[in-house]
Amino acid sequence: VASYYLAAVLQVGLIYMLLTSIVLRINSLHLLKQSLPIITTAASTCSSLATMPVCFRVAAEEMKIPEQIYGFTLPIGAALNKDGSTLIFAAVLTFASNALGLHLSVERIFMMILMSVLISLGGEGIPMAGVMQLAIILPAFGLPVEFVTVFAGIWRITEMPQVALNCIGDIVGTKVVAGFCAGQAPHHTREAGLVVGAVADQ
């Protein structure tokens, strides 16, 4: 649990905050402060779907992002951006493998990461949905499905940063796209944002 919380903090600090600081050249701490309602709602409900109205409000009122952008990117992010879920599935597979004394080769680690990404994409935005996914991913690596009962007892504790991380990724991605479209990003990275903005306008 502690290692997963540390991984979530590193994901926010090293990926999201650096992304906004370098690409958009804005104060990442201010962005994080604006996202506090999203973080608290996601952590308390453990549901990305329940948090989506808060994401919409923060994007519109706090970040002043145009509706044609956040109305396009936030729903897509809620469906496809599952970095928090990917981290927890990879952590569960690593823990279960080590508990059984299985050798973790480079190929096995790569497959674990790949499978974690794929299985997370099929997750629903409701609490405890990841427990059902564990019953799929554990046997895929020859691990006993009984491990589900071990992780089910602590899943709520890990699900809070998991969903919060997913939702932070959604709003950061939306902010980056909005920055591209508004011309805040460097010239060489601006064209991709303009393409997305054009699609959102259609």
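The legends below describe several close-up views of one predicted protein model.

In this predicted model, local features need pLDDT of at least 70 and side-chain atom pairs count only at pLDDT 80 or more, while totals for chains, interfaces and linings use all residues. Residues are numbered from 1 along each chain as its sequence is written, and side-chain values use heavy atoms, with hydrogens and water left out.

**View 1. The overall fold has eleven helices and zero strands.**
Helices (H or I, at least four residues) and strands (E, at least two) are DSSP runs, numbered from the N terminus, and read along the sequence the pattern of the protein is α-α-α-α-α-α-α-α-α-α-α. Of the 202 residues, 46% count as buried, where buried means under 20% relative accessible area, exposed means over 50%, and partly exposed lies in between (1.4 Å probe, protein chains only). The protein exposes about 10000 Å², and carbon and sulfur atoms supply 70% of this area, as calculated by the Shrake-Rupley method with a 1.4 Å probe, with only the protein chains shown counting as cover for residues. Among contacts (heavy atoms within 4.5 Å) between residues at least 6 apart in sequence, 71% join residues at least 24 apart.

**View 2. Helix 4 crosses helix 10.**
The axes of helix 4 (residues 48-62) and helix 10 (residues 155-182) come within 11 Å of each other and cross at roughly 35°; these axes are lines fitted to C-alpha atoms, for helices over the stretch in contact, and the angles run from 0 to 180 degrees between N-to-C directions. The crossing is right-handed, a term used if the near helix is turned clockwise from the far one by less than a right angle, whereas an anticlockwise turn is called left-handed. From helix 4, the residues S48, T51, C55 and A59 meet V163, C167 and I171 of helix 10. By class, this contact has five nonpolar, two polar and no charged residues, where Ala, Val, Leu, Ile, Met, Phe, Trp, Tyr, Cys and Pro count as nonpolar, Asp, Glu, Lys and Arg as charged, and the others, Gly among them, as polar. An α-helix has 3.6 residues a turn, so residues three or four places apart point the same way.

**View 3. Aromatic rings pair between helices 4 and 5.**
Rings of Phe, Tyr and Trp (its six-membered ring) pair if their centres lie within 6.5 Å, and planes under 30 degrees apart count as stacked, over 60 as edge-to-face and the rest as tilted; by this rule the count comes to four aromatic pairs. In one of them, the ring centres of F56 and Y70 are 5.3 Å apart and the planes lie at 70°, so the pair is edge-to-face. F56 belongs to helix 4 and Y70 to helix 5 (residues 67-80), so that this pair links distant parts of the chain, 14 residues apart. F56 is partly exposed at 27% relative accessibility, whereas Y70, with a relative accessible area of 10%, is buried.

**View 4. F95, F147 and F151 are linked into a cluster by ring pairs.**
Within this view, F95 and F151 form an edge-to-face pair, with 5.7 Å from centre to centre and 80° between the planes. F95 lies in helix 6 (residues 83-99) and F151 in helix 9 (residues 147-152), 56 residues apart. F95 is partly exposed, with a relative accessible area of 46%, while F151 is buried at 7%.

**View 5. Helix 3 has buried residues covered by its surroundings.**
The buried residues of helix 3 (36-45) are I38, I39, T41 and A42, and what covers them includes helix 2, helix 4 and helix 10. S35 lies in the loop between helix 2 (28-34) and helix 3 and counts as buried at 2% relative accessibility. Not counting residues up to four places away in sequence, S35 touches M63 and I171. Helix 3 is followed by C46, whose phi is positive, near 55°.

**View 6. Two loop residues, K64 and M128, have a positive phi.**
K64, in the loop between helix 4 and helix 5, has a positive phi of about 55° although it is not a glycine, and K64 counts as exposed at 63% relative accessibility. M128, in the loop between helix 7 (106-121) and helix 8 (129-140), is likewise not a glycine and has a positive phi of about 70°. At 31% relative accessibility, M128 counts as partly exposed.
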